[in-house]
Amino acid sequence: MISTIFGLIAGTTLHAQAIDDIERPPDTTIGASVPVDTIRTYSDESIAGFYTSTAIRRHIQRYRLPAGTLVHGVLVDLDGATADTAGTVVVFGHEGGYTVPYFRKPLVPPVVFAKTQAGRQTVRVDFPSPLEVSEGQIFISVERLRGDIRPLTDQVKRPPYCTEANGIERFDQILGHDEGRWETGPYAFRYTLLCDLPEMREPMFSRDTTVDDGYGVATQATKYVSCADVNGDGYVDVAAGGMLYLNERGTLLPFELQADTVGGHGPVLMHDADGDGRTDIVFLPGEGRRTVGVWTMQPSGAIARLDDVPSTSLTTVTTSMRVDVDGDGTTDLLVGGTDIDGRTVVGVLSGGRSGHVGRFDVVTWSEALPAGGVTTSLAGMTPGGAMEVLLRASDGSLHSFRTGEHYGRKDALAVRMERQTVGGLAGMSVIRSNDERASGTWERRSVMLPTTIGYANAFTDRSHPVSMVNIDDERGMPLPDLIRDGSYDQALSGCATGDLDNDGNLDHILAQRGPCRNVRVLFGKADGSYVDGTERAGLDSLDDVDDAALVDLDNDGRLDVIVRRRGRTEVYRHSGPAGHGAVIDMASMRMRNAIGADVLVRLSDGRTMRRTVVSGRGLNIQEPPLVHVGVGDASIDSVEVRWPYPDVRTSRHGVTKTAGRYTLTGTSEEAGSATFRLASTQRKQAVDITVDRSVGTSATMKLQVMDMRGNHVATIHDGVVTDGEYRTQWPYTDGNGMAVTSGTYMLLCTIDGVARTAAITVVR
């Protein structure tokens, strides 16, 4: 440790958002609000008593300190009469992602101090025990001053460290009045911290200033970040803000997507739109454009037009996702947004075949969603191989639908959570359990909603509690367990999830839109709790971010961060210490559709990591369909993959590392060797069901009936079968023998881990 003393340490500033204990600061600064006749001046022209009103109850100054700093006490410059109990000093941490004090539990309880000399005096206040700063911000508050005793300020008028979107300037000095009014001002209190500094350490992320972000060049204003390998060289390329960044072995080279070439457009995505196996560049509607433009990169590096597909009523895009929506085995593009009147529109660009781009169709249940657009997230795979897709509406409500042949039916959309008190579009993340026993179940799958994150002060005796919604129990119904705090609901807008420190636990970057609203980085722990590590990550000054993309740009196994903010694309490289990470390329198995695959990675130290292959989420964020796992000092023993529909099966593989990435090896041997056909013939009183197996050896079979939301209706068989052909009937009843209602149902047959499905329509 390095012993030193500190005067004012500049930081970010007081946030305008009110919290439980304080009212919203007025649209004035201290210098404008304190009567002139209360200002005291001294022969030493460097100081003045600017804040001398007797109505001021708390004189607070914010400091930004390196994590690990030990604060022993503070020197306070005062003026006024003597007093045995002149006032108290209290130290607070900060409130969540905002630069306001956390008053509910002080870091250092009130310490009473005396003033022994009349007039000016520097009073030393020692804390009962040293305070270790673990997060980078503390607030020193001088309170309950007696008589005419006042803290002194200097006469250096500082510029604001942050200006709100409404023009309010924020400073490090905060004054609380007796009547509950709060203000900030530009003149610093003459407080001096007595502290020991830690040894300097490199932050986890540092901004890549070599990236030409095209500021002032590209006219595209929509915030989006899209990442995929568009030229097939094994490195992830990036599209953001009207620019395409080709990744040349970790170096991003910018190319402007010329407006005169592609016309006005919204977000740009990477997607194989014509089914030829190569990644295309897809320009979504926006800026007056009402078509989906598909372009491809030629071997020469030039971009050539493939097709323009009418987008019907969709004019503005808020979200997109790559997923096999209709269950035909090709990856489609699910797009959400609004029409010209602000009504929500959800549409699908069908997966192309044989070099031809599919058509764009609006889903009929779009009209049932609240106006203002939606965001999306892939919840994962159902036992039958279909995908569960979550949609979050502008009023905070949560909806879902299952992919497959009947995805577009009006009754396919389910409400998972009703309208919330505070709405606004925000992304979300789905958290999976690492438990290998949870394969194919929904019992350990939760969705993290940014506006339900329950913050606490990182310096208190508990870690940050993260509130989640368990999206499915065995009945497929929601189990909401929300911690709501209106102080946070108005700004949190996105949640990027990945293993940032490669310790095997998922971490989260919580984004907040608007100036003076900083991102927070929560690091996951093995026990399921989270600790705030924003300062350690080096992202504590990053504000006004809707969402973030996490991607390994240089194939070193560590996730980098890409954000779009204030008209710029900013890349934060992972440059700090971390364990080893592995990026697995699922495309090595050449499956028709890998999006949504359930991947279980087994490590040499006995741990298991479970991930879902995802490409597209939240507020126009697209990450590549790669699987990243933090392995620490371990190595990968094997990878088990449960593939989605139509290739519903489980396979086990080894891995090999090539050019920084891991690819799957082996014969793709199925976990179960079952090969069978499921057939059904509907009759008036029952459905005749035939399971035709290629071999007559004994096997474990489970035959169930599910509704189109994935809820269990009935179990027809659950046990061992020995014959090559199994025949039975389903009499249109549930597990209690009651007749089922009209609708579409799904037969789900699973034999030794291999699943087949068949649809049944019941008409009463």
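## A buried histidine in strand E52

Let's start with one side-chain pair: His653 and Ser651 are joined through their side chains by a polar contact of 2.7 Å. The model in front of you is a predicted one, so this distance comes from predicted coordinates. His653 belongs to strand E52, which covers residues 649–658. Is His653 buried or exposed? Its relative accessible area is 4%, and the cut-off for buried is under 20%, so His653 counts as buried.

## The chain as a whole

Stepping back, the chain has 764 residues, and 60% of them count as buried. Its secondary structure comes to four helices and 60 strands. The accessible surface is about 29,400 Å², with carbon and sulfur atoms holding 48% of that area.

How much of the contact list links residues 24 or more positions apart? Among contacts in the chain with a separation of 6 or more, such pairs account for 63%.

## A core between two domains

The largest nonpolar core has 40 residues. Which members touch the most others? They are Leu334, Trp365, Ile584, Met586, Val601 and Ile636. Strand E51, residues 636–643, gives the most to this core, contributing four residues. Why does the core lie between domain 2 and domain 3? Both domain 2 (205–418 + 482–505 + 543–574) and domain 3 (581–666) give residues to this core, so it lies between the two.

Ile636 is a good place to look at this core in detail. Leaving out neighbours within four places in sequence, Ile636 is in contact with Ala582, Ile584, Val601, Arg602, Leu603, Val631, Val655 and Tyr662. Another core lies apart from this one and has 34 residues, including Leu65, Val76, Val89 and Val125.

## A hairpin with a glycine in its turn

Strands E25 (residues 291–297) and E26 (residues 303–310) run antiparallel and are joined by seven bridges. One of the bridge pairs is Met297 with Ile303 of E26. The two strands form a hairpin with five residues between them. In the turn, Gly301 has a positive phi of about 95°.

## Positive phi outside glycine

Two more residues with positive phi are worth a look, and neither is a glycine. Arg144 has a phi near 50° and sits in the loop between strand E10 (137–143) and strand E11 (150–151). With a relative accessible area of 67%, Arg144 is exposed.

Asn555 has a phi near 55°, and its place is in the loop between E43 and strand E44 (560–565). Is Asn555 buried or exposed? At 10% relative accessibility, Asn555 counts as buried.

## Buried polar and charged side chains

Arg62 lies in strand E4, residues 56–64. It is buried, with a relative accessible area of 1%. Which side chain does Arg62 meet in a polar contact of 2.8 Å? The partner is the side chain of Gln137. Arg62 and Gly93 stand 31 residues apart in sequence, while their C-alpha atoms are 9.5 Å apart in space.

Asp546 is found in the loop between helix H4 (534–537) and strand E43 (548–551). Its relative accessible area is 16%, so with buried set at under 20%, Asp546 is buried. The side chain of Asp546 makes a polar contact of 3.5 Å with the side chain of Arg513. Setting aside residues up to four places away in sequence, Asp546 touches Lys223, Ser493, Gly494, Ala511, Arg513 and Leu619.

## Gln622 and its distant neighbours

Gln622 is in strand E49, residues 621–622. It is buried, at 2% relative accessible area. What surrounds Gln622, not counting residues up to four places away in sequence? Gln622 touches Val225, Ser226, Cys227, Leu269, Met270, Arg322, Ser615 and Gly616.

Gln622 also gives a nice pair to check in your viewer: Ala239 is 383 residues away from Gln622 in sequence, yet the C-alpha to C-alpha distance between them is 9.5 Å.

Note on methods. Residues are numbered from 1 along each chain as its sequence is written. This is a predicted model: local features need pLDDT of at least 70, side-chain atom pairs count only at pLDDT 80 or more; totals for chains, interfaces and linings use all residues. Side-chain values use heavy atoms; hydrogens and water are left out. A nonpolar core is a set of buried Ala, Val, Leu, Ile, Met, Phe, Trp, Tyr and Cys residues joined through side-chain atoms within 4.5 Å. Buried means under 20% relative accessible area, exposed over 50%, partly exposed in between (1.4 Å probe, protein chains only). Domain bounds come from an automatic or database domain assignment. Contact means heavy atoms within 4.5 Å. Two strands pair if DSSP finds at least two bridges between them. Accessible areas come from the Shrake-Rupley method with a 1.4 Å probe; for residues, only the protein chains shown count as cover. A polar contact is a pair of N or O atoms within 3.5 Å; within protein, one must be able to donate a hydrogen and the other to accept it, and residues adjacent in sequence count only if both atoms are side-chain atoms.
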